[in-house]
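Good morning, colleagues. Today I would like to take you through one structure, and I ask that you keep the sequence and the coordinates in view while I speak.

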Amino acid sequence: MTENKPNRQELLEWINVVSFAVDDVKLFLDTHPCNQEALEYFEEFKKQRVEALKEYAAYYGPLTLDTACTPAEYWCWINEPWPWQEGGC
Amino acid sequence: MWNYEKRLQHPVKITQTNPKIAQVIISQFGGPDGELAASMRYLSQRYTMPYKEVTGILTDIGTEELAHMEMVCAIVHQLTRNLTPEQLVESGFDKYYVDHTLGLWPQSAGGAPWTATYFQSKGDPITDLHEDMAAEQKARTTYDNILRLVKDPEVCEPIRFLREREIVHYQRFGESLRIVQDHLDSKNFYVINPEFDLNPKCR
């Protein structure tokens, strides 16, 4: 498992990239709800974002409650640094 | 309902403290054209907005502004962490420190506390969208003003990201205004206020 472990910084940068694509096209779609090109773009990056968030949670702890795969004995949501702290996202 | 995502919308990694510049940047947290006022403005205006595209844009931009507020707070926090009493006095941050230590509190650069009077929720879509477009431009000017004072590239970079988002939001609000006007009488947009006078059957 460790040999396939993604680089934390690279994975995080990827999450930021695909999340920003989703954030930006979401606003465009609000005012252009029938734009086919934008709808396809949204679908593609939404899929990539969900996958990347799941992968990140599996190796480095959850960034969202929906991807929290916390072991029964410990609440890992509070374990990793918060975004404004040293080592945070 | 909101869910928290444990990351910033755009990374903030500042290694050198600078309380002097923090005192300027804090205005985009709790100042008149700051992110807190922006978020509260859009999230307050959306309840009576009759057009679904515009309700969507107010909700989604209002939400993004919360993420921007978090970025501004992260910048201010990283610029002021671990300060010594000597650094506080030298930089002039001592006046903030005496009331808030190094905690984050929404105020303008001049020290005025955040207030709901920084924004309007007028219950009229043409009026509110003009306010929203003006608000994005005022925030853009504020970021331009900040960028003239900031030399540290680690601070400039996230500020430039925030500045660009103001321009995108301005564009989306402009499209929203057009959508509202398309629903109204093109000979006189002001015949009715669709947030008050409109028969629900006409929507």
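I shall begin with the overall character of chain B, then turn to its charged residues, and end with a surface patch on chain A.

Please bear in mind throughout that this is a predicted model.

Chain B contains 8 helices and 0 strands, so in order from the N terminus every element is α, as the run α-α-α-α-α-α-α-α shows. Along the principal axes, its C-alpha atoms occupy a box of roughly 65 × 35 × 30 Å. Of the 203 residues in this chain, 49% are buried. When one takes the contacts between residues at least 6 apart in sequence, 77% of them join residues at least 24 apart. The chain exposes about 9,800 Å², and carbon and sulfur atoms account for 56% of that area.

As to charge, chain B carries 22 positive and 28 negative side chains, and the centres of these two sets are 2 Å apart.

Let me now consider individual charged residues. Arg41(B) sits in helix α3, residues 35-45. Is this arginine buried or exposed? Its relative accessibility is 4%, and Arg41(B) therefore counts as buried. Beyond its neighbours within four places in sequence, Arg41(B) touches several residues, including Tyr118(B), Phe119(B), Glu131(B) and Asp132(B).

Over all chains, the count of salt bridges is 13. One of them pairs Glu5(B) with Arg49(A), at 2.8 Å from N to O. Glu5(B) belongs to the segment before α1 of chain B, while Arg49(A) belongs to helix α2 of chain A, so this bridge joins two chains. Both Glu5(B) and Arg49(A) are buried.

A further bridge, at 2.7 Å, brings together Arg165(B) and Glu64(B). Because Arg165(B) is in helix α8 and Glu64(B) in helix α4, the pair ties together parts that lie 101 residues apart in sequence. These two residues are likewise buried.

In Asp144(B) and Arg163(B), the closest N and O atoms are 2.6 Å apart. This salt bridge links helix α7 to helix α8, across 19 residues. Asp144(B) is buried, at 17% relative accessible area, whereas Arg163(B), at 24%, is partly exposed. In addition, salt bridges with shared partners join Asp24(A), Glu64(B) and Arg165(B) into one network.

Finally, chain A. Leu65(A), Tyr74(A), Trp75(A) and Ile78(A) form a nonpolar surface patch, with about 410 Å² of accessible area together. Leu65(A) lies in the segment after α2, and its relative accessible area of 42% makes it partly exposed.

Definitions and conventions. Residues are numbered from 1 along each chain as its sequence is written. Chains are lettered from A and ligands numbered from 1 in the order in which they are written. This is a predicted model: local features need pLDDT of at least 70, side-chain atom pairs count only at pLDDT 80 or more; totals for chains, interfaces and linings use all residues. Side-chain values use heavy atoms; hydrogens and water are left out. Patches are made of residues with over 30% relative accessible area and no salt bridge: like charges are joined within 9 Å, nonpolar side chains (Val, Leu, Ile, Met, Phe, Trp, Tyr) within 5 Å. Accessible areas come from the Shrake-Rupley method with a 1.4 Å probe; for residues, only the protein chains shown count as cover. A salt bridge is a side-chain nitrogen of Lys or Arg within 4 Å of a carboxyl oxygen of Asp or Glu. Helices (H or I, at least four residues) and strands (E, at least two) are DSSP runs, numbered from the N terminus. Buried means under 20% relative accessible area, exposed over 50%, partly exposed in between (1.4 Å probe, protein chains only). Contact means heavy atoms within 4.5 Å. Lys and Arg count as positive and Asp and Glu as negative; His and the chain ends are not counted. The place of a charge is taken as NZ of Lys, CZ of Arg, CG of Asp or CD of Glu.
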